[in-house]
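Let us walk through this structure step by step, from individual elements to the contact between the chains. Please keep the sequence and the coordinates at hand while reading.

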Amino acid sequence: MTATVPPKAPTFLGLPTAPRGVGHLRGDRSFPDAAREALRDGQLRANLGHATSTIRGKRGRVVAELPDWAQLREAGRALKAATMARLDDHLEELERQVTARGGVVHWARDAVEANEIVTRLVQATGTTEVVKVKSMATQEIGLNEALEAAGLDVYETDLAELIVQLGEDKPSHILVPAIHKNRAEIREIFLRTIPGVDPGLTDDPRHLAMAARQHLRERFLRARVAISGANFAVAETGTLTVVESEGNGRMCLTLPETLITVMGIEKIVPTWRDLEVFLQLLPRSSTGERMNPYTSTWAGVTPGDGPQEFHLVLLDNGRTAVLADEVGREALHCIRCSACLNVCPVYERAGGHAYGSVYPGPIGAVLSPMLTGVEDNASLPYASSLCGACYEVCPVAIDIPSILVHLRAEHVEAQEKPTAEALAFRGLAKVMSNPRLWHLTQRAAKLGRLISRGKPTLPNAMPPPISGWTRSRDLPTPPKETFVESWVREHGSGS
Amino acid sequence: MTPPSAREEVLGRIRTALGPDRATPAEVARDYRLTDGRPAGDPALLELLVDRVEDYRATVLRCPPDQVDVTVLAALELALGAGWARGDVVVAPGLPAEWRPDGCDVDDDRPPVQLADRAASVTAVAVAIAETGTLVLDGSPACGRRALSLLPDCLVCVVTADQVVGSVPEGLARLDPLRPLTMVSGPSATSDIELQRVEGVHGPRTLMVVLAG
């Protein structure tokens, strides 16, 4: 028999994943290591528990209001699937339409190239500061760091992004990047970092929002360049869309002379009409509102209204590698609502930082490993109990649990040497197929009672390689007698 | 040979990813509600719009079609309190003359930042969506440029009954995607602190809606 070598990532067709050394898709620790630390932070768990339960309630109420939610969700899924099947055609059409309306389209193979393009465009305007609308794509590619390295000042204008930036922190949620901070902590950050802030600032959210308004107002009025992401881009008309709440997006999209939009290639929809589906699905799923306060759309440049120079950067950065994975490509349907984070029992306890990527939670656990290649985020597909709540709330019906299982299989197949877990299961198979060995093993397992010293579970601190299993799982103390032994005791050994 | 451009390369990767025998996309079933079932301007839709807009903590004043100007004045009075000057209010250049309170400033092509110290602006809308309490401004002369409905701290929007449709699909069908559109659902707000909604951040902190008819 010839040994068969497991094919390495057979579905990726050798397409490049997001490069290392740039951007924020990889953590410096594995999920279990980072999560263990997060779980010890009682304040973090209280903040997350409070925020996610609030938003779950709101989402549930406004979703229940729509009698056709199931049909909208299926239409959203089908529209995204149909779009991906013709992604090249739609992107070419978008490019034609944006160009025809006075915009300039740039293509970026990866984070490095996108950062270079944007830096060059900003420098060409002669300004040294830019205002930014919250955008996942620019977080993903580490654009702020690239611009700062080029000597430019970058101002995040979304309230939560501002809190993260001022606190020299990292975002921990797709929609509400400062979800891990409570009002008292935010007040403390503002008092420490905003020059001239009212020293009598209270922790009333209204008061805090006003402080942010004052802090950024001047900056908006003098900004000459803004950078945004995009929630949707309509191929047939070249219409870009930004969905937001505070009006900081409108400030950036309206007042500066130059607007640079960085957009993942999967954010495209074929027709204007398709937005009738997504503008119903997105706000109800994300903030639990019937509609978000502001949605802005624009096609190229409008004389006398808004920026007179518009650049659109189309970003790959591993997305085509995801597209090549027939099971995983569904993750590209994500509209970044974050409903899956808010229902996830793992996210609610561990928080977003533990995932190490700007995309945390269930969608991050599938998207990040696919964008980077699974071996660079190998612990993420396991950061789930596979309970399925994420799939249930996803407004475009991404089957996240199935993709998680698919990626786990891919990770296992990529191993050249058998893992301790694989060896353990191979041994178990042998034991379980031999009654004598099985009984012996069960009896031997009772020795575990000595280790647990009367506690219901065995201690987590076991020697390796067993510790690999026990550090994130409780092993119950073996019972005094096995089932067969108690059956024999109560009923006798006869038939 | 010159190396392929980023454009060629990304498009090429997509074609590789999808393979030579990619599936033809299935026709998408639009079996969700395309209409609300009630015609634009139906009294029940107006009621629904009022309810939904007020739910965002905006204020709605209703009036007969021939009393828009005095109702706009009442809205400004209510929002700005005593001591406001008509010159502090700037209106969209194409706002119908009969809606325009005398003495208000009319927006022109001044630099947009000069609108920032104005107390309030008054605009029309292109369409209103009752189910979501959304007003859409389309950059037409009656709605004004985008900065006008953004920089003054109070926004007064005049909506006529025939502009009120039931659902999002009906609303979008009435809009021109080539114009710069702003969909407004209540005053500026944030949920960034503990996911609790707070009205009033960078956009107008006060939204007043005058519903005529």
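How many residues has helix H3 of chain A, and what distance does the helix reach from its first C-alpha to its last? In this predicted model, H3(A) covers residues 69–85, which makes 17 residues, and it reaches 24 Å between the two terminal C-alpha atoms, close to the 24 Å expected at 1.5 Å a residue. The buried positions of H3(A) include A:Leu72, A:Ala75, A:Gly76, A:Leu79, A:Thr83 and A:Met84, and charged side chains also appear in the list, among them A:Arg73, A:Arg77 and A:Lys80. An α-helix has 3.6 residues a turn, so residues three or four places apart point the same way. The buried residues of H3(A) pack against H4, strand E8 (268–269), H12 and helix H13 (319–323) of chain A.

One of these partners, helix H12 of chain A, spans residues 275–286. H12(A) has 12 residues and reaches 16 Å from its first C-alpha to its last, close to the 16 Å expected at 1.5 Å a residue. Since 12 of the 12 residues of H12(A) are buried, this helix is largely enclosed by the rest of the structure. The buried residues include A:Leu275, A:Val277 and A:Phe278 as well as A:Glu276, A:Gln280 and A:Arg284. Just after H12(A), A:Gly288 takes a positive phi of about 70 degrees.

We turn next to the sheet of chain A. Six strands form an open sheet in the order E1-E10-E7-E4-E2-E3, with parallel pairing, and its edge strands are E1(A), residues 103–108, and E3(A), residues 153–156, each of which pairs on one side only. On average, and with direction ignored, neighbouring strands of this sheet are turned by 20 degrees against each other. At one edge, E1(A) pairs in the parallel sense with E10(A), residues 309–315, over six bridges, and A:Val104 stands opposite A:His311 in E10(A). Helix H4 of chain A, residues 87–100, lies across E1 and E10 of chain A and runs at about 150 degrees to E1(A).

H4(A) also takes part in a helix pair with the other chain. Two packed helices are described by the angle between their axes and the distance between the axes. The axes of H4(A) and helix H1 of chain B, residues 6–18, come within 9 Å and cross at roughly 155 degrees, and H4(A) and H1(B) are therefore roughly antiparallel to each other. In this pair, A:Leu87, A:Asp88 and A:Leu91 in H4(A) meet B:Leu11, B:Ile14 and B:Arg15 in H1(B), so that by class the contact has four nonpolar, no polar and two charged residues.

How many residues does each chain bring to the contact between chains A and B? The contact takes 75 residues from chain A and 60 residues from chain B. On the side of chain B that touches chain A, H1, helix H4 (168–173), strand E9 (181–184) and strand E10 (189–190) of chain B each supply at least two residues, and the largest share, 11 residues, comes from H1(B). By class, this side of chain B has 31 nonpolar, 15 polar and 14 charged residues.

Strands meet across the contact as well. Strand E9 of chain A, residues 294–299, and E9(B) pair in the antiparallel sense over four bridges, and the bridge partner of A:Thr295 in E9(B) is B:Met183. Within chain B, three bridges join E6(B) to E9(B), again in the antiparallel sense, and B:Val136 stands opposite B:Met183 in E9(B). Strand E6 of chain B, residues 134–137, is covered on both faces, with B:Thr134 and B:Val136 buried on one side and B:Leu135 and B:Leu137 buried on the other. E6(B) also forms a hairpin with E5(B), with four residues between them, and B:Gly133 in the turn has a positive phi of about 65 degrees.

Finally, chain B has an open sheet of six strands in the order E1-E12-E7-E4-E2-E3, with parallel pairing, whose edge strands are E1(B), residues 59–63, and E3(B), residues 105–106. Helix H3 of chain B, residues 68–80, packs on this sheet, and its direction makes about 160 degrees with that of E12(B).

Methods. Residues are numbered from 1 along each chain as its sequence is written. Chains are lettered from A and ligands numbered from 1 in the order in which they are written. This is a predicted model: local features need pLDDT of at least 70, side-chain atom pairs count only at pLDDT 80 or more; totals for chains, interfaces and linings use all residues. The expected span of a helix is 1.5 Å times one less than its number of residues. A residue is buried if 20 or more other C-beta atoms lie within 10 Å of its own, exposed if 12 or fewer, and partly exposed in between; C-beta atoms are placed from the backbone. Two strands pair if DSSP finds at least two bridges between them. Axes are lines fitted to C-alpha atoms, for helices over the stretch in contact, and angles run from 0 to 180 degrees between N-to-C directions. Two residues are in contact if their C-beta atoms, placed from the backbone, lie within 7 Å. Angles under 35 degrees count as roughly parallel, over 145 as roughly antiparallel, 65 to 115 as roughly perpendicular and the rest as oblique.
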